[in-house]
Amino acid sequence: MKEDKATHSATWKSPSNLAIVKYWGKKDFQEPVNPSVSFSLSRAYTKTTVSLAQKKGSGFTFYLDNREEPGFRPRIQKFLDHVRARVPLIGNHHINIFSTNTFPHSSGIASSASAMSALVLCLADLQQQVSGRHHLNIREVSALARMGSGSAARSVYGGWSIWGRIPEIPESSDHYAIHFPDEIHPVFKTLHDDILIVSGQTKKVSSSAGHTLMNDHPYREGRIIQARENTLKLIRSLKQGNMDDFIEVTENEALSLHGLMMSSMPSYTLLHPNSLRIIREISDFREATGLPVTFSLDAGPNIHLLYPHHIEEEIIAWEKRQLQTFCEDGCIIRDRVGSGPEKIIDTEG
Ligand code: PMV
């Protein structure tokens with residue numbers, strides 16, 4: 001890979017996140033039809049360096065794992081066109097984008113959330129370097145990340161965040177995510193998320209197509225009410241440390257997301273027989289042991305196993321005994337709540 005001599009560069013790592021209350025359905029330009037609540041992951045992140053090349057004119061080159069990757073060009077191009085007005089350097093420079101992910105594709109971890117948030121953080125940083133003054137605050141950065149991928153709006157924060165207007169949370173907005181406004185109970189600050197890889201195959205229906213199917217969905221209005229109620233219940237449980245309510249909301253949201261897919265027109269399912277087997281195991285185990293373990297699902301067949309830090313040992317032993325057999329090549333990615341994006345000062349390159 002041959003790189004033009006860079007004038008300015010910025011490197012950020014930014015996490016993926018897992019939504020407990022799911023964003024599903026859009027309005028206007030990349031605004032959510034309902035509020036969502038998520039936490040940023042710790043180990044699953046994208047590291048991106050953006051450098052301004054000396055090449056004349058505008059444009060960009062995208063490298064994934066040090067190889068030029070033309071497959072992502074249309075999405076990045078569209079995104080850069082949308083944010084150009086807020087990040088003027090895009091119109092005046094050729095930019096080189098170098099990205100790496102710490103997790104595999106199609107692993108049930110939203111790479112668009114980490115990739116788009118990392119890219120926006122680099123662009124905001126560079127814009128500040130070029131214009132010599134503080135340019136974008138974190139909410140503006142979140143709003144820009146939203147243009148690339150809705151869920152990316154939430155990845156600019158560590159811990160828990162909320163995206164989508166809900167009158168009970170005065171600072172909440174459809175335009176950007178906000179950091180969770182109250183003190184979170186300690187049990188949820190260190191929550192574990194073990195991702196059980198049931199299938200690593202690329203999903204047949206993309207999330208964008210799924211969002212679009214919500215436009216005329218027969219359950220659309222009911223879904224919006226449900227998500228608002230679940231958001232308020234989740235917020236209360238996160239503050240109080242109420243595990244029972246947390247489990248109720250988490251599973252209701254995960255299964256509702258897939259229920260909405262199954263009842264779309266055309267209908268589809270992304271679940272795999274082993275997803276359902278694991279779900280059954282989780283509920284049996286919880287009933288038998290009383291341990292507070294639950295699951296979430298993203299738009300795919302893989303299971304996010306969620307549990308508090310203090311029961312880690314019992315859970316890992318049970319995973320190995322009962323659950324790993326349902327995972328593709330026995331694959332489990334162990335992650336937990338993370339502290340959010342980080343600027344990398346010393347790059348190797
Ligand atoms: O950000 P998008 O457009 O990839 O949509 C994400 C949708 C879900 O991952 C299913 C839910 C969410 O809120 O992250």
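Biologist: Hi! How far is the polar side-chain atom of Arg-154 from an oxygen atom of the ligand?

Modeller: Hello! That polar side-chain atom of Arg-154 sits 2.8 Å from a ligand oxygen. Keep in mind that this is a predicted model.

Biologist: Got it. And what about His-211, how far is its polar side-chain atom from an oxygen atom of the ligand?

Modeller: For His-211 the distance is 2.9 Å. Ser-149 also takes part: an N or O atom in its side chain is 3.0 Å from an oxygen atom of the ligand.

Biologist: Nice. How much of the ligand does the protein bury?

Modeller: The protein buries 93% of the 380 Å² that the ligand exposes when taken alone.

Biologist: So how many residues surround the ligand?

Modeller: There are 13 residues around the ligand, and the closest are Tyr-23, Ser-151, Arg-154, His-211 and Asp-298. The shell splits into 4 nonpolar, 6 polar and 3 charged residues.

Biologist: Let's switch to the sheet. In what order do the strands come?

Modeller: The order is E11-E12-E10-E13, an open sheet of 4 strands with antiparallel pairing. At the edges are E11 (294–297) and E13 (332–336), each pairing on one side only. From one strand to the next, the twist averages 25°.

Biologist: How many bridges join E11 to E12?

Modeller: E11 and E12 (residues 303–307) run antiparallel and are joined by 4 bridges. Ser-296 stands opposite His-304 in E12.

Biologist: Last one: which strands does helix H10 lie across?

Modeller: Helix H10 (residues 312–323) lies across E10 (192–196), E12 and E13, and runs at about 150° to E12.

Notes
Residues are numbered from 1 along each chain as its sequence is written. This is a predicted model: local features need pLDDT of at least 70, side-chain atom pairs count only at pLDDT 80 or more; totals for chains, interfaces and linings use all residues. Side-chain values use heavy atoms; hydrogens and water are left out. Two strands pair if DSSP finds at least two bridges between them. Helices (H or I, at least four residues) and strands (E, at least two) are DSSP runs, numbered from the N terminus. Axes are lines fitted to C-alpha atoms, for helices over the stretch in contact, and angles run from 0 to 180 degrees between N-to-C directions. Contact means heavy atoms within 4.5 Å. A residue is near a molecule or strand if one of its heavy atoms lies within 4 Å of it. A polar contact is a pair of N or O atoms within 3.5 Å; within protein, one must be able to donate a hydrogen and the other to accept it, and residues adjacent in sequence count only if both atoms are side-chain atoms. Accessible areas come from the Shrake-Rupley method with a 1.4 Å probe; for residues, only the protein chains shown count as cover. Ala, Val, Leu, Ile, Met, Phe, Trp, Tyr, Cys and Pro count as nonpolar, Asp, Glu, Lys and Arg as charged, and the others, Gly among them, as polar.
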